[in-house]
Amino acid sequence: MSDAYARAGVSQQVAGSAVEALVRSLGAIHTGKPSRVIPLPGHYASVLRIDDRTGLALSTDTVGTKMVVAERLGRYDTIGIDCVAMGVNDVICVGAEPIALLDFVLTERAEPGICEQLGVGLARGANLAGIEIPGGEIAQVADIVSGHELGGTCVGLVDLDAIVTGASAEPGDPVIGLPSSGLHSNGYTLARSALDGVSLDDGRLDRPLGDVLLEPTEIYVRAVLELLRSPADVRGLAHITGDGLNNLLRLEAEVGYEIDAPLPVPPVFDLIQELGQVPDDEMHEVFNMGCGFCCVVAADDEDAALELIRAHYPGARRVGSATDRVGEVRRA
């Protein structure tokens, strides 16, 4: 269990129960028409059948309490990149090409200067992901929130016969890890609790702490789409967010995973662990620990896949493999 995270204010166990309760209620939806939903329980994006060939992939998320750091620094021009990244990185996990995002700003009071900066980051993220942002919404709800929150809903397109679920993964398949740019947009409640009292100008890392905490979430779209369009047999794609590498278990395959060659851990995670006295297991449950995305490919395609991915991420490498220990992620 994530004891430090719970003390900081976030219980992953309670959150999981809340999701289950919500899903049970949504099960009462009956449109009187055949469902368009492609069953992908627990996966990163939902897919709706448009016609006999095409699916519409959907994902929604926010930047979470990373926004608190942006507010403390008065810098909002990169947080939009995080908003785009959290959506597009989920959508590509089902093999879809992201095409658009609708943003949502929840705020105490709409301020033109702040909204302009949010727009700068959203535009930059959209350019990096190759998507459009055709619209959005600003809700001023001072009675409910103080400050701001930014979220978005991402949509993409995928051929129904090309959906990536993970179901074809087999024991022995290599897992290729792509480096993260830092914390991304997960675990900030625990990170801020651990770093409470440390100045955002603190320089014990290679640059001021505030800059490290606001480093935008990496957008993996171009590399992953190139991999999907290559001859390589791509068997599973996992966006490593909250729950760390346990996110691999969201793939449909009846396998487990052994991570025996993890990517280097950025120093900010060591600082959080040291100052927050967070156990090693919990760090790996909450944070990406340096690996922001994983690709599971057929063993015969490992070299070709690595060559392609390393053109985008030189630090990418095989971090482990699928095993026959179903539902288990082991770290060496």
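The exercises below, each with a worked solution, concern a predicted model.

**Exercise 1. Cysteines**

Find how many disulfides the structure holds, and examine Cys154 and Cys291.

Solution.
- Step 1. A disulfide needs two cysteine sulfur atoms within 2.5 Å.
- Step 2. For Cys154, the nearest cysteine sulfur belongs to Cys83 and is 9.5 Å away, and Cys154 is in no disulfide.
- Step 3. For Cys291, the closest cysteine sulfur is in Cys294, at 3.7 Å, which is too far for a bond.
- Step 4. The count for the structure is zero disulfides.
- Step 5. Burial is a separate matter: a residue counts as buried under 20% relative accessible area. Cys154 has 0% and is buried. Cys291 has 5% relative accessibility, so Cys291 is buried as well.

**Exercise 2. The largest nonpolar core**

State which residues of the largest nonpolar core touch the most other members, and which helix gives the most to this core.

Solution.
- Step 1. The largest nonpolar core has 99 residues.
- Step 2. Within this core, Leu248 and Phe287 touch the most other members.
- Step 3. Helix H4, residues 79–91, gives the most to the core, with seven residues.
- Step 4. Take Leu248 and leave out residues up to four places away in sequence: its contacts are Tyr44, Val175, Ala238, Tyr257, Ile259, Cys294 and Val296.
- Step 5. As background, nonpolar side chains in soluble globular proteins tend to be buried together.
- Step 6. One of the residues touched by Leu248 is Tyr44. The charged end of Arg250 sits over the ring of Tyr44, 4.1 Å from the ring centre.

**Exercise 3. Aromatic pairs around Tyr220**

Classify the ring pairs that Tyr220 makes with Phe293 and with Tyr313, and locate the partners in the chain.

Solution.
- Step 1. A search of the whole structure gives three aromatic pairs.
- Step 2. For Tyr220 and Phe293, the ring centres are 5.4 Å apart and the planes meet at 40 degrees, so this pair is tilted.
- Step 3. Tyr220 is in the loop between helices H7 and H8, and Phe293 is in strand S10, so the pair ties together parts 73 residues apart in sequence.
- Step 4. For Tyr220 and Tyr313, the centres are 5.4 Å apart and the planes are at 50 degrees, so this pair is tilted too.
- Step 5. Tyr313 lies in the loop between helix H11 and strand S11, and the pair with Tyr220 links parts of the chain 93 residues apart.
- Step 6. Tyr220 and Phe293 are buried, and Tyr313 is buried also.
- Step 7. Through these ring pairs, Tyr220, Phe293 and Tyr313 form a cluster.

How values were computed:
Residues numbered from 1 in each chain as written. Predicted model: local features only at pLDDT ≥ 70, side-chain atom pairs only at ≥ 80, totals over all residues. Heavy atoms only, no water. Buried < 20%, exposed > 50% of the residue type's maximum accessible area, 1.4 Å probe, protein only. Core = buried A, V, L, I, M, F, W, Y, C linked by side-chain atoms within 4.5 Å. Helix = DSSP H or I, 4+ residues; strand = E, 2+ residues; numbered from the N terminus. Contact = heavy atoms within 4.5 Å. Phe/Tyr/Trp six-rings, centres within 6.5 Å; stacked < 30°, edge-to-face > 60°. Lys NZ or Arg CZ within 6 Å of the ring centre and 35° of its normal.
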